[in-house]
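User: I am new to this structure and would be grateful for a close look at one part of it. Please take the largest cavity, and then describe the parts of the chain around it.

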Amino acid sequence: MRRVRTDGPHVPRWFGAWLGLRGQAPETDEAGHRHATWLELFLDLIFVYALAAVVARLGSDPTPSPTAVLAVIGLFVVIQWAWVGQVFYDTRFDPDDALHRLLVLVALVGAGAMTLGVDEVPESVLLPVGYLIVRGVLLLLYLRARPTSPMARLVTTIYLIGFGSGWLIWFVSLTLPAERRPTLWVVAMVIELATPWVGARWLNRWPVDNRHLPERIGQFTIIVLGSALASLLFAVPDHPPPHMILTAAMAFLIPAAVWWVYTTFVTTRLLQSRLRGGQAYSYLHIPLGGALLLLGWALGQVVRLVDDNAARLPLELRLLLGASMVVWTACGLALYWLWTRPSAARLAIAAYGVVSVSLITATVHQPRLMLSLLSLAVVGYAVLLSRKLSRAGKEANTPEG
């Protein structure tokens, strides 16, 4: 895939030299594959805090209301979408010059405002203002890339129309009373999320970088898993007794198994030649990431209840725990389906994961017993699926006779 330098407006050379910045393409490895730049990794840092702020809205009550869970899911979508927008720009253009760096630093300020505003949504304007800054920078970057080639004009036109419409709706929402803003935010997000699908016919003519995009989305998934682990670790009391250390270890096995399966799938590169515009691959990571964020919070609550010597787990917590793991399993199957139609063995493994998790969370009420059984079931699922993925990867990467 050919990437295009953004030879639009630049900062004056003397200013870039004074800052120690030179226009350059992102570094590639010896095989010419594009990898994440230091600027991209720096951008990720603020989203670590943003995700922590999102999950913190659930608090420490083990019986969250459906409204609270939906609010967290909605905020997660907004945060991830703000991050994904920058990734799709970076994967199609070579943007690492002085002006690009300065613009992304402005976007970092917007992401910081979003992080600070998560706790006070919808009363505070920090979240929408921060989102307007992040997406406004993205629109400026697409305007800057627009003159670089006919294909760039086509791609940027799609994004500028769709994302620009969403930006205007977010801006108008600032004029409304606080209780009415979320309605416009939902409308804006629907328009923005629909844009890459409406324009897929044209966007697929310029495929995404099939190494860079999975790497970046994988890095965000690891950030989400890190947030899940943080929720789990913060639930462990200071100077824990041996039984609490064992409980935390059993809970840790679940996100560890998730990490094992996910990295096995990504490193097989089964989808490397099938990403095209990247819409399906990236969109499946939205429910997948949201499920992992809620999974970490739910595991933390189970650990707290074990520490409190609770006799039973609340129904709401068991439902959230089971649902998050079922969604993760379903998203994994859907990602596999992007590569090829699942075999009977692959479907059987997915069915085992869904049925075992559902049965355990529905029928086992005692916290420590449920956690033990769930850990065993998920580790078993990870072993079976990893072996299947490894074999599929070897077969896909073996040259035909």
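Analyst: What follows describes the largest cavity, then the helices and loops of the chain.

The model is a predicted one. The protein contains 14 helices and 2 strands. Of its 401 residues, 53% are buried. The accessible surface amounts to about 18200 Å², and carbon and sulfur atoms account for 66% of it. Among contacts between residues at least 6 apart in sequence, 80% join residues that are at least 24 apart.

How many cavities of 30 Å³ or more does a search of the whole structure find? The search finds 6. Such a search rests on a simple idea: rolling a probe the size of a water molecule over the atoms shows where empty space is left.

The largest cavity holds about 130 Å³ of space. It is lined by 13 residues, and those closest to its centre are V261, Y262, F265, G332 and L385. The elements that each contribute two or more residues to this lining are α10, α12 and α14, the last of which covers residues 367-397. By character, the lining divides into 11 nonpolar residues, 1 polar residue and 1 charged residue.

The helices that supply the lining may now be taken in turn. Helix α10 runs over residues 242-268 and therefore has 27 residues. From its first C-alpha to its last it reaches 39 Å, close to the 39 Å expected at 1.5 Å a residue. Directly after α10 comes R269, whose phi is positive, near 55°.

Within α10 lies M250. This residue has a relative accessible area of 15%; because buried means under 20%, M250 counts as buried. Leaving aside neighbours within four places in sequence, M250 is in contact with R368, L371, S372 and S375. The C-alpha atoms of M250 and V303 are separated by 9.7 Å, although the two residues are 53 apart along the chain.

The loop that leads from α9 (212-234) to α10 contains H239. Is H239 buried or exposed? Its relative accessibility is 80%, so H239 counts as exposed. The phi of H239 is near 50°, a positive value in a residue other than glycine.

Helix α12, another contributor to the lining, spans residues 315-339 and includes L333. At 16% relative accessibility, L333 counts as buried. Apart from residues up to four places away in sequence, L333 touches P342, R346, L347 and A350. One of these contacts can be given a distance: the C-alpha atoms of L333 and A350 are 6.9 Å apart, while the residues are 17 apart in sequence.

Between α11 (279-307) and α12 there is a loop in which N309 lies. N309 has a relative accessible area of 64%, so this residue is exposed. Like H239 in the loop between α9 and α10, N309 has a positive phi in a residue other than glycine, here near 60°.

Two other helices complete this account. Helix α5 covers residues 126-145, and its 20 residues should span 28 Å at 1.5 Å a residue. The C-alpha atoms at its ends are 29 Å apart, which agrees with that expectation. Why can α5 be called largely enclosed by the rest of the structure? The reason is that 15 of its 20 residues are buried.

The loop between α4 (98-117) and α5 holds P122. The peptide bond that leads from V121 to P122 is cis, with omega near 5°.

Helix α7 comprises residues 181-198, and T195 has its place there. With a relative accessibility of 8%, T195 counts as buried. Not counting neighbours within four places in sequence, T195 is in contact with I158, Y159, G162 and F163.

To return to the request, the largest cavity encloses about 130 Å³. Its lining draws two or more residues from each of α10, α12 and α14, and 11 of the lining residues are nonpolar. In α10, M250 is buried, and in α12, L333 is buried as well. By contrast, H239 is exposed in the loop before α10, and N309 is exposed in the loop before α12.

Notes: Residues are numbered from 1 along each chain as its sequence is written. This is a predicted model: local features need pLDDT of at least 70, side-chain atom pairs count only at pLDDT 80 or more; totals for chains, interfaces and linings use all residues. Side-chain values use heavy atoms; hydrogens and water are left out. Helices (H or I, at least four residues) and strands (E, at least two) are DSSP runs, numbered from the N terminus. Buried means under 20% relative accessible area, exposed over 50%, partly exposed in between (1.4 Å probe, protein chains only). Contact means heavy atoms within 4.5 Å. The expected span of a helix is 1.5 Å times one less than its number of residues. Accessible areas come from the Shrake-Rupley method with a 1.4 Å probe; for residues, only the protein chains shown count as cover. On a 1 Å grid over the protein atoms alone, a cavity is a set of points where a 1.4 Å probe fits but cannot get out, and a pocket is an open set with protein on both sides within 12 Å along at least five of seven lines; lining residues have an atom within 4 Å of a point. Grid points are joined across faces, edges and corners, and a volume is the space filled by probe spheres set on the points. Ala, Val, Leu, Ile, Met, Phe, Trp, Tyr, Cys and Pro count as nonpolar, Asp, Glu, Lys and Arg as charged, and the others, Gly among them, as polar.
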